[in-house]
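Trainee: I am new to reading protein models. Please choose a single part of this one and take me through it closely, with the surroundings it sits in.

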Amino acid sequence: METRIANIAFVAFVAFVTHPAPVNASPRQKWTENSIIFQSIMNIKMTKTTQSTAQLLVTCMVDAIYPQVGTAVKSILNKNGCEMKFPPQQTCCAQPAFNAGFLKQARAIARHTIDVFTNTAGPVVVPSGSCTDMIVHHYPELLKSDPVYSLKAKKLSERTFEFTQFLVDKLGLTNIGANYNGRATYHPCCHGLRNLNLVRQPSTLLDNVKDLEQVALPCAEDCCGFGGLFSLRMSEISGAMLDKKLNHVEESGANVLIAGDVGCIMHMKGGLRRRGSNIQVKHIAEILNDCH
Amino acid sequence: MTATELSFYDRISDALANPEGQLAIAAGARAKHMNRASAMAEFPNMEITRERARHIRARTLSQLDYFLAQFADNVESLGGHVFWAKDAKECNRYINEIARAQDVQLVAKAKSMLTEEISLNESLQASGINVVETDLGEFIVQLSGDKPSHIIAPILHMTRQQVGNVFKEKLNVPFSDDPATLNAVVRAHMREIFLKADMGISGVNFGVAESGALCLVTNEGNGRLISTTPRIHVAVMGMERLVPTLVDLSTMLQLLARSATGQKLSVYSNVLCGPRRENESDGPEELHIVILDNGRSQILGTSLAEILYCIRCGACLNACPVFHSIGGHAYGSVYSGPVGSVLSPLLFGDSWNLLPHASTLCGACKEVCPVDIDLPGLLLKLRAKESEKGESPLWMRLGQWIYAVTTCNPILFGLALRTGQLISRILANEGWFTKLPGPLQGWSAQRDFPALAQSSFRQMWDKSSKG
Ligand code: SF4
């Protein structure tokens, strides 16, 4: 035990010395740098206590429209030593109600989701940045004055991870042996990017995909204009934002667009189809699951 | 302030139908956004300063009564007059009264969104007073009978050519779209105004409670001129625009210019203490500070009070992809962009309740706000307030009810999936819908909608775990 602590301390020291955050780093960079140190420490721990069971919160849109994304997540995690469970009572994370301001409805759905996952084992993995953000940040806030659910919400939020976050930060994986032939560009979906800081995780994973040529997406951090019900209620603005995003995607020269949220994928894919474009749109799990 | 005749949706359509204006707006806002990013990147300890700034604002607002009293006392002991205005009417009446009593003919104004909020110009002009905007952008807005489209850059929506045309038409000068030439025209025109004006009117960027000083920030020096040359200086200040000390002011100034334009400091940052004293060579004979509430005290102490931290830097507008797409005018309010979507319903009432829905909650605004206001969170709270009052459209209320009942019950959810699959099987074409009915129309106007997968993930899971 003592030697392990000494090892951890040593690695932390080395990581600190070799990875000082640049003086002029942006907060996001600094955060990233610091978390690399943190991960180096965590990885050692992780390899000793590998997660054996994880719960898949597949999200309603993957369930209904893009089931192949759920299958990809399952098979990637299976290959990496995780047994995946799918609690069949799960439905939706409540974002459509929450984002529209219907808090009563949002609370009811949040309670349902909490009930579904409360008595399950291991971490909860979600192939979506915005649904993860909902559970991790908004469930505890939404239910903070609920005598029964406030604690349960907090507990669930602590064991819920976005898919790439889970792979890189929890399992310590950076290269999962994927192989994808294409010229790709990556759109960082807003909630994952800004609320979960998903920068390093997807980029590390994609960097290690064999044969994947990556090209930069101009103005990558601009929102695609989906915004859930926003795309219906403010459809004209949403369409104008989508247009700009797709112009940038076409400018990038990529033949495959990768993102981490199927909501945005559905939006951009629908827009590209309307344009008659051949650019494919894929969830990052689909790329990572390709191993021919 | 009331909503203009056109509905928000009409204004959006109008804005989107004007690609030239939209390009100018998007390019201008993005340039400011990028300048901000590089200024912040080379600013050491940016995050700490930002945190400190937020703390200063929070502290000021939590003891606003104390700081306001301290500020007013200090202004008076410096020889200034303080007037507390409950609303636009009181404020405009007071300024009109001073103007009448002092026989003011010409007013030189520095840029101030607060005076836009209360339509001060219109009120003075109605009493026959000549009001001239001295900020270049505001001057052009005034010449062309337009409205500012951005809280910092009033003519963000105009191209150089359009400005040249306005000058040609209104000032009878030969057409030019060269900024230096246009500047020279205005300079010549303005000098006279500065010297002739009887009264200068400005807003206030910050009032310093400990000393009763006013801080005015401009890039053109017009703030300095209108607050020192005319006999009377009237400064209109929103009641929340205080900082406790000069040290706090320095923190705020470090962030204000960087956030607004990417400058380290604005070209002119003036700290003005009272009217002209004996033996002083410049300064107004009279200084009036109007401290205006106009709805702000109603926000104080509520869960939305954070919006009062705002220092009107405009960074959230420049970062906002919705603002990039529709520009400031489409919002219809003096305050546009994310901050405007929060402020307008709070200050001007329920007729502005649609504005908080004009956001994807992407969070770009929160990321750049120098006082870290949780703008997406405030937008959500406003949406919740609206739906609590039952003011959402019927299709939305109905839809949300059905949605909640379905998602709280896995059996119904499974049924809904199967229904969706059935509809998809019958109506979708090659896996896509190209035309959708009712409230979904907007989607299919510009993008296709995917059919549901013929086997949902849960069905696949069931099959594979059985098989
Ligand atoms: S809300 Fe923040 S970013 Fe927007 S204008 Fe105010 S201070 Fe600036």
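**A nonpolar patch on chain B**

Mentor: Let's begin with the whole of chain B: among its contacts (heavy atoms within 4.5 Å) with a separation of 6 or more, 72% join residues 24 or more positions apart. This is a predicted model, in which local features need pLDDT of at least 70 and side-chain atom pairs count only at pLDDT 80 or more, while totals for chains, interfaces and linings use all residues; pLDDT is the predictor's confidence in each residue, from 0 to 100. Residues are numbered from 1 along each chain as its sequence is written, chains are lettered from A and ligands numbered from 1 in the order in which they are written, and side-chain values use heavy atoms, with hydrogens and water left out.

Chain B has 22 helices and 12 strands, which are DSSP runs numbered from the N terminus (helices are H or I with at least four residues, strands E with at least two). Along the principal axes, its C-alpha atoms fill a box of roughly 95 × 55 × 45 Å. Of the 467 residues in chain B, 57% are buried (under 20% relative accessible area; exposed is over 50%, partly exposed is in between; 1.4 Å probe, protein chains only). The chain exposes about 19900 Å², and carbon and sulfur atoms supply 55% of that area (Shrake-Rupley method, 1.4 Å probe; for residues, only the protein chains shown count as cover).

Now for the close look. On the surface, a nonpolar patch is formed by B:Leu398, B:Trp401, B:Ile402, B:Val405, B:Leu412 and B:Leu415. Together these residues have about 580 Å² of accessible area. Patch members have over 30% relative accessible area and no salt bridge; nonpolar side chains (Val, Leu, Ile, Met, Phe, Trp, Tyr) are joined within 5 Å, like charges within 9 Å. A salt bridge is a side-chain nitrogen of Lys or Arg within 4 Å of a carboxyl oxygen of Asp or Glu.

Which helices build the patch? Helix H19 (394–407) and helix H20 (410–427) of chain B each supply at least two of its residues. H19(B) gives the largest share, 4 residues.

Take B:Leu412 as an example to find in the picture. This leucine lies in helix H20 of chain B. With a relative accessible area of 33%, B:Leu412 is partly exposed.
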